[in-house]
Amino acid sequence: MGARTGREASRITGARDIATVFVLAAVIVSFALLEPVFLSTRNWVDIGRVYYTELAFMAVSATIVIIIRGIDLSVAAIFALTAVTIGVLVVDHSVNIWVAAIIGLLVGTAAGLLNGVLIAYVGISPIVTTLGTLTLYRGISLGITKGRNLGGFPTSFTDLGQGTVLGIPTQVWGLAATLIIVAVVLGRTVAGRWMYAMGGNPEASRLSGIPVRRMTLVVYSSAGLLAAMGGVVAAARFNTSRSDFATGGEFNAITAAILGGVSIAGGRGKIAGAAVGAMIIAVLRNGLTLRGFSGFVQIVAIGLILLGAAIVDRALVARRTAQGVATQLENGGEEGESAASATESTIAEQDSGGAPAFTGGGPDGV
Amino acid sequence: MLRLENISKVYPGVRALDDISIEFQDGEIHGVVGENGAGKSTLVEIVGGTIKPDRGAMELNGSVVAFSEPSEAKAKGIAVVHQHFQSALGLSVTENVLLGSPQLSKGLVNWRDAHKQAEAIFADLGVLIDVRLPMRALKPAQQKFVEIGRAIYGAASVILLDEPTAALDGEDSDRLFAAMRLLSQRGIAVAYVSHRLEEVMTLTDRVSVLRDGHLIGTWPTEELGLDTLITHMVGRELSSFFSDHPEPRPTTVLDVRGATIGDRVHQVDLQVCEGQIVGLAGLLGSGREDLAKAIFGAVRLSEGTIFVDGLQVQLRSPVDAVRAGIAYVPGNRQEEGLVPTMDVGENLTLASLRDLRRHFLVDRAREEETSKSFVERLRIVATSIAQPIETLSGGNQQKVLVARWLATMPRVVILNEPTQGIDVGAKAEIHQLISELAATGLAILILSSDLLELLTMADHILVMNEGRVEASLPRAEATQEKVIEAATGHTAASGASPWATKC
Amino acid sequence: MLKWLKGVVTNREVLLALVLLAVFLGVGIRVPRFVSRGSIINLLFDASTVGIVAIGLTIVIIGGGIDISIGSILVASAIMAGLIAQEDVSPWIAVGTGVAGGAALGAVNAMLITKLKIPPIVATLATLSIFRGVLTELTKSKLIGGLPSSFTAIGKGRVGGVPYPVWIMLGLFVVAALAMRFTGFGRVVYSIGSNEAAARLSGVAVSRYQALTYVISGSLAGLAGVVFVARNGTVLPTSGSGLELLVIAAVVVGGTNIFGGEGSIAGTAVAAVLLQTITSAMVVLGISSAWQGAVIGVTILVGVTIFVFGQRRRERELLA
């Protein structure tokens, strides 16, 4: 699932995907050996319900934004804002739960839209924009709840988060459907192809007639919607909504995406990867909790795996560069070397993900 | 004196430099020439310390040296002026001059002295630059002089200049040459890498010729004639690359009137007929690139109207331009053209995806078919359309870009430096391709710094200078001298204002 | 006159200072004690943690990098300093431990970024978790409390009626501003952020300078951590989370270009004080604390938008 960003390049990306799945398998096997309860159905229902689904929604949200060479630090804030909107509407204004849920999704989408407008039309860089909106949306969430926990939703709604269908938690079905749809859009539609192009080379995309600004709006709005879906699930699962839902969630979401092989520099990555990355984090947290390790050990473990992934990615870049340079010189012996060094620096810059990772905003870099 | 002994640099599968021995003597100006890919860039990188040779040694003033990074070469007194702009735009001129020198790495800098030193350097160069200004306030030619100033500041023994005159007009080039002579008189070894052979002939004491990574030889310049030099460089008789295409038809396809962009382009009129190739010449900063991009909707016109096939078009972005049948093929492939994360096929269909849809999804079968047919038609050399675009040669990458735009079935094709960084063989193929496109009735606008290219290909040449069309030359009247004169603003006062071509 | 006005208004730092002044006066009219000496001192005191850390982050960002692990470095250093201070040694040893600890963690970031070439955002995203987690785990059985007053004086003591942390912050502002403006080091860092390739090719030892910026950032976060634990008497594992966002906000609203090469310590300083002023103003004006976050968020967005529009006027044509 996901786009083939170059079939031969896929061989190298293929290696990365294999590595990701391998890590997941390794983690699962380790815990299975250490903790008998780990492989039980009940535990896996737990993983799906408590640790995985909501993170996965945010990870997908983060992924589509990172692919176009952006970043969205407000994803967790939108998640919480949606949940809180539902709570406030139902508790304070007696709105029908389903109407409230839809409004919640619309609010999340609008929040993403604001991000898109600021980035594409005002020209503020993604990191700065979403930093501001993160603060704003968390602030609004706190403001409208006034610190209360708002809940008490009808069971028809909470079943979404607490029930199962065919033994699998309901929300997992919803997530699966979402994953498939997003993957198809990314991998098979014109819009998806445009997104990969924008991440690979924003200027070339603009000059190829891709409606870059419109696409940016669409992507950030969609990211908002995806985060909002996670928020709906959370409200259903907890049967309450709090303004501090998913605090720090943006970091987990981005980590999940990077673990899954999404390149921070843009233009590369698959939804399946993000889904696996999120699963790695979920399994780690579940397993470590079962073993009695504190939350702090968990974040250290996640941080170390992230570093490992980054180092592997770096090695893959080096290999890709060498191959690229070599074939350049091979083909174009006459013009080879100047093109080769251009290739070298492009690949290096493209994968360094430093400043270039947050282009897509103004040329002035604010 | 800098001596390179048996220097070799090998990349997987290719020898970029093979057993090169050159001596840059104190007090001489030593030219290094060669075609694109002959090894000049690698040589510059080795001398500058950016890369290490695989074999061989360098000797500076008698002692062996080896560099792992540019700062080491600089510390030893070797300064390089690179081909592409290397400036910190936000910093002042003085800071850029001092960049990388030990003065700047000390704690407190005596700025008054620093400004004075910078001013002295520019006085020597004979250029007027306010050293307190930020770099971005300077014109490209002035920025080049600042980089030259930086090298002069840091050059104790050797200064190497790589294509420094690309951004400079005649007067500025003369100033640079005077400065280089001054430096060589002071005993510094000056190396001048350039493909402007006339300059090399007048300026240098000795010339070394590189071809395919080998040193063909080093000769005292006065013993060489231009033809001999070219033959050494190319290794064969240079066949003329004359391209033929039928006469343009008398229908106006592209009509631009009163185009104005800020203070960079003033009231330019331009027309391209069906089947016609119009060349657009001009130095860096002449506004020709802004004009071309404005016709494509990539830069906003402050004033002016654009008509395609008689209908006015509003271009708010390239999206509108594509819809109007206008195409823009960038020569600056890495920055403006290629998506490095995609393969040949994906790069090729990037602008025409909307036409390759079936029920909301991209029709992969048709996409493949389209890509393959273009690969065949344009004779693009690639193992398959799944090959990563990065691994194609420059010429083939350029062809992919042309194919990308042909797939949109345009009426107007703008090509910006279509053969930049491409070797002679591939150049000829691209020229042939452009001729064929003209023959099918497309209106073609070529921007090029290669005068020979424009003179052979274009039916009509417009020369821009400082935002205006300085000269409009039909093929029969166009000569190198006239183009250069107009580009540098030295046209004999004609009185009549330059106009567009008429179909 | 108009031209002078234009010059003033387009100068970011001056503009920010004027806004700060306006907010002060605006609130002061409603609540006169807001502009009293005591109130201003308290405001600066509250701003000191963010202010000190923001100096380091400004330098890192100007050099083209980013460091989101600063909150974790602060906590880790606070823990280290607090544990040493508990042992009743000279407070200077505790301070030294905290700062050195911060520097060491900054060096870890530096190594990951300049040696292993991991993108700064990814590296510091990882160390954000690792630093906080490791330090917290290693020390969890040892509560921090009962710190000697010789140490807590650093956080609570006053000179001339002004608390030490404020003096430290102001002093560092001045030193850092001068260093970045006038020393070779500062100018080189700007050049690296402006055009790394150019700097490298001009002979600048780029990696070394970048590494140094991360060590400086770590040291300052460490110092802030020392001040934090001295002031609060203890430190919780969850302390300082969310700090990085406030610090980045100060840097960005202060006019520093997130991509590097442009910006100033002065701008950061004014912005940090401004953000704190707005927070304090809301308290004083009786605005529910619930809405403070929203107001800050709007401030960030508005502040940054104004800057962008100012710039955009220059580059109007280059769009699509």
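These are my notebook entries on domains, a helix pair and a chain contact in this predicted model.

**Entry 1: domains of chain B**

I looked up how chain B is split, and found domain 1 (2-234), domain 2 (248-325 + 411-503) and domain 3 (339-409). I then checked domain 2 of chain B against domain 3 of chain B: their C-alpha centres lie 26 Å apart. Ten residues of domain 2 of chain B are in contact with nine residues of domain 3 of chain B. Which helix gives the largest share of the domain 2 side? I got helix α16 (residues 424-439) of chain B, with four residues. By type, that side of domain 2 of chain B has seven nonpolar residues, one polar and two charged.

**Entry 2: a helix pair in chain A**

Next I pulled up helix α4 (residues 97-122) and helix α5 (residues 126-145) of chain A, which pack at about 145° with their axes 9 Å apart. The crossing of α4(A) and α5(A) is right-handed. From α4(A), I noted A111(A), L114(A), N115(A), L118(A) and I119(A) in the contact. From α5(A), I noted P126(A), T129(A), T130(A), T133(A) and Y137(A). I sorted the contact residues into six nonpolar and four polar, with no charged ones.

**Entry 3: chain C on chain B**

Last, I looked at where chain C touches chain B: 24 residues come from chain C and 32 residues from chain B. On the chain C side, α9 (184-194) and α10 (196-201) each supply at least two residues. I wrote down α9(C) as the one that gives the most, with six residues. The chain C side is made up of twelve nonpolar, eight polar and four charged residues.

Definitions and conventions. Residues are numbered from 1 along each chain as its sequence is written. Chains are lettered from A and ligands numbered from 1 in the order in which they are written. This is a predicted model: local features need pLDDT of at least 70, side-chain atom pairs count only at pLDDT 80 or more; totals for chains, interfaces and linings use all residues. Domain bounds come from an automatic or database domain assignment. Two residues are in contact if their C-beta atoms, placed from the backbone, lie within 7 Å. Ala, Val, Leu, Ile, Met, Phe, Trp, Tyr, Cys and Pro count as nonpolar, Asp, Glu, Lys and Arg as charged, and the others, Gly among them, as polar. Axes are lines fitted to C-alpha atoms, for helices over the stretch in contact, and angles run from 0 to 180 degrees between N-to-C directions. A crossing is left-handed if the near helix is turned anticlockwise from the far one by less than a right angle, and right-handed if clockwise.
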